[in-house]
Amino acid sequence: MRIPCPWCGPRDLSEFFYGGDAETPRPPHEETAAAPWFDHVYRHDNPRGTHREYWQHNYGCRSWILVTRDTLTHEITAAEPLRRPASETGR
């Protein structure tokens, strides 16, 4: 699978780190109970069809992107930046 990085262009999946489901809201950061965090991290649906996911271009510009992908065909229909790449922000 090739993921189109908004800054680096299409790159192999091996350059990216899967960051999780972008459609399920995370518990609030103030939440200290283990159960909501456990459910968020480990219990989730296995969606069929178009789905939005977080990916980080770990071995490239290190930017986080929001990818819209069909989970059956792996066809990517969108890849949107979440913020500017670290190389541009000096981090």
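1. Leaving aside its neighbours within four places in sequence, with which residues is Asp70 in contact? In this predicted model, the residues that Asp70 touches, once those sequence neighbours are set aside, are Gly49, Thr50 and Glu75. Asp70 belongs to strand 5, and one of these contacts, Thr50, is also the residue that stands opposite Asp70.

2. The charge of Asp70 deserves a comment, since Asp70 is buried yet takes part in no salt bridge. The nearest side chain of opposite charge is that of Arg69, at 7.1 Å, whereas a salt bridge requires a side-chain nitrogen of Lys or Arg within 4 Å of a carboxyl oxygen. A polar atom of the Asp70 side chain does, however, lie 2.7 Å from the backbone nitrogen of Leu72.

3. Arg69 is engaged elsewhere, in a salt bridge with Glu53 whose closest N and O atoms are 2.7 Å apart. Because Glu53 lies in strand 4 and Arg69 in strand 5, the pair ties together parts that are 16 residues apart in sequence. Both partners are in the buried class, Glu53 as well as Arg69.

4. Strand 5, which spans residues 64–70, is mostly covered, with six of its seven residues buried. On one side, strand 5 pairs in the antiparallel sense with strand 4 (residues 50–56) over seven bridges; five bridges join strand 5 to strand 6 (residues 76–81), again antiparallel, and here Ile65 stands opposite Pro81. The hairpin of strand 5 and strand 6 has five residues between the strands, and in that hairpin His74 adopts a positive phi near 65°.

5. These pairings belong to an open sheet of four strands, ordered 3-4-5-6 and antiparallel in its pairing. Strand 3 (17–21) and strand 6 are the edge strands, each pairing on one side only, and the twist from one strand to the next averages 30°. Strand 3 meets strand 4 through four antiparallel bridges, with Gly20 standing opposite Tyr54.

6. Across the whole structure the search finds three salt bridges, and the pair of Glu53 and Arg69 is joined by two others that should be described with their exposure. Arg43 and Asp39 meet at 3.3 Å, N to O; Arg43 is exposed at 58% relative accessible area, while Asp39 is partly exposed at 32%. Arg11 and Glu15 form a salt bridge with their closest N and O atoms 3.9 Å apart, and here Arg11 is partly exposed at 29%, as is Glu15 at 21%.

Key: Residues are numbered from 1 along each chain as its sequence is written. This is a predicted model: local features need pLDDT of at least 70, side-chain atom pairs count only at pLDDT 80 or more; totals for chains, interfaces and linings use all residues. Side-chain values use heavy atoms; hydrogens and water are left out. Buried means under 20% relative accessible area, exposed over 50%, partly exposed in between (1.4 Å probe, protein chains only). Helices (H or I, at least four residues) and strands (E, at least two) are DSSP runs, numbered from the N terminus. Two strands pair if DSSP finds at least two bridges between them. Lys and Arg count as positive and Asp and Glu as negative; His and the chain ends are not counted. A polar contact is a pair of N or O atoms within 3.5 Å; within protein, one must be able to donate a hydrogen and the other to accept it, and residues adjacent in sequence count only if both atoms are side-chain atoms. Contact means heavy atoms within 4.5 Å. Axes are lines fitted to C-alpha atoms, for helices over the stretch in contact, and angles run from 0 to 180 degrees between N-to-C directions.
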